[in-house]
Amino acid sequence: MNKTHQVHEFGPAYDKDSRILILGSFPSVKSREMGFYYGHPKNRFWKLLANLYQAREPEGIPEKKAFLAEHRIALWDVIASCDITGSSDSSIRNAVVNDIGSILKDSNIQKIYANGKKAEGLYQKYIQPVTGIDITGLPSTSPANAAFSMERLLQAWKGIKGE
């Protein structure tokens, strides 16, 4: 599979009441096809959040947006564009980051979390020096992170509910 230049084609999901921001690295191929976050059926993101908040797993983009709003969660990705092979974070090169400041200005974000090491590292390198806000890294919900069972993910992610 060849590395191709990709541009993030959908915006952040948030509103003025959002209190936590969860940042991924860059949308997977399936998410890019769907036009929304965590679109791969094997990504555990939506199932994880549903378990954390003891809710039914949202289906479809409108239901996912409503879930995020209800729980005051904002979603976006660190990267606006990059060269990438498929959905592989490890293949990302020439990353250009998003302007996270717009969400911070237009919402009530209290805490920022990274879904995975790549998002955490890129945020720390390029965005944290601008915002001055720390990020808390969480294990990736990607199916590529097979080392983490759903139980381990739930344990690691449970802190987001306190925000």
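## A turn after H2

Which residue just after H2 takes a positive phi? Gln54 does, with a phi of about 50 degrees. This model is predicted.

Gln54 is found in the loop between helix H2 (45–52) and helix H3 (60–70). Its relative accessibility is 75%, so Gln54 counts as exposed. The cut-off for that label is over 50%. Gln54 and Ser18 are 36 residues apart along the chain. Their C-alpha atoms are separated by 19 Å.

## The whole chain

The protein chain has 6 helices and 7 strands. Along the sequence, they come in the order β-β-α-α-α-β-β-β-α-β-α-β-α. The chain therefore opens with two strands, then three helices, and ends on a helix.

How wide is the spread of the chain? A compact globule of 163 residues would have a radius of gyration near 15 Å, and the protein chain has 15 Å, so the two agree. The C-alpha atoms fill a box of roughly 40 × 35 × 30 Å along the principal axes.

## Inside and outside

Of the 163 residues in the protein chain, 46% are buried. Now look at contacts between residues at least 6 apart in sequence. In the protein chain, 66% of these join residues at least 24 apart.

The accessible surface of the protein chain comes to about 8300 Å². Carbon and sulfur atoms account for 49% of that surface. As for charge, there are 21 positive and 17 negative side chains. The centres of the two sets lie 5 Å apart.

## Strand S2 and its two neighbours

Strand S2 covers residues 20–24. All 5 of its 5 residues are buried. Both faces of S2 are covered. Ile20, Ile22 and Gly24 are on one side, and Leu21 and Leu23 are on the other.

S2 pairs with S3 through 5 bridges, and the two strands run parallel. Ile22 stands opposite Leu75 in S3. Gly24 has Asp77 in S3 as its bridge partner. S2 is also joined to S6 by 4 bridges, again in a parallel arrangement. Here Ile20 has Lys111 as its bridge partner, and Leu23 has Ala114.

## Strands S3, S6 and S7

Strand S3 spans residues 73–77. It is mostly covered, with 5 of its 5 residues buried. One side of S3 holds Ile73, Leu75 and Asp77, and the other holds Ala74 and Trp76. Both faces are covered.

Strand S6 takes in residues 111–115, and 4 of its 5 residues are buried. Besides its link to S2, S6 is joined by 3 bridges to strand S7 (residues 136–138). S6 and S7 run parallel. One bridge sets Asn115 against Leu138 in S7.

## Helix H2 under cover

Why is H2 described as largely enclosed by the rest of the structure? The reason is that 6 of the 8 residues of H2 are buried. They are Phe45, Trp46, Leu48, Leu49, Ala50 and Leu52.

Several elements cover these buried residues. Among them are strands S2, S3 and S6. Helix H3 and helix H6 (150–157) are also included. S2, S3 and S6 have appeared before: S2 is bridged to S3 and to S6.

## Two more positive phi values

Tyr38 is not a glycine, yet its phi is positive, at about 55 degrees. Tyr38 lies in the loop between helix H1 (29–34) and H2. Is Tyr38 buried or exposed? Its relative accessible area is 12%, so Tyr38 is buried. The cut-off for buried is under 20%.

Asn94 is a residue other than glycine with a positive phi, near 55 degrees. Asn94 is found in strand S5 (residues 93–97). Its relative accessible area is 56%, so Asn94 is exposed. Tyr38 is in a loop and buried, whereas Asn94 is in a strand and exposed.

Methods. Residues are numbered from 1 along each chain as its sequence is written. This is a predicted model: local features need pLDDT of at least 70, side-chain atom pairs count only at pLDDT 80 or more; totals for chains, interfaces and linings use all residues. Side-chain values use heavy atoms; hydrogens and water are left out. The radius of gyration is taken over C-alpha atoms; the globule rule is 2.2 Å times the number of residues to the power 0.38. Buried means under 20% relative accessible area, exposed over 50%, partly exposed in between (1.4 Å probe, protein chains only). Contact means heavy atoms within 4.5 Å. Accessible areas come from the Shrake-Rupley method with a 1.4 Å probe; for residues, only the protein chains shown count as cover. Lys and Arg count as positive and Asp and Glu as negative; His and the chain ends are not counted. The place of a charge is taken as NZ of Lys, CZ of Arg, CG of Asp or CD of Glu. Two strands pair if DSSP finds at least two bridges between them.
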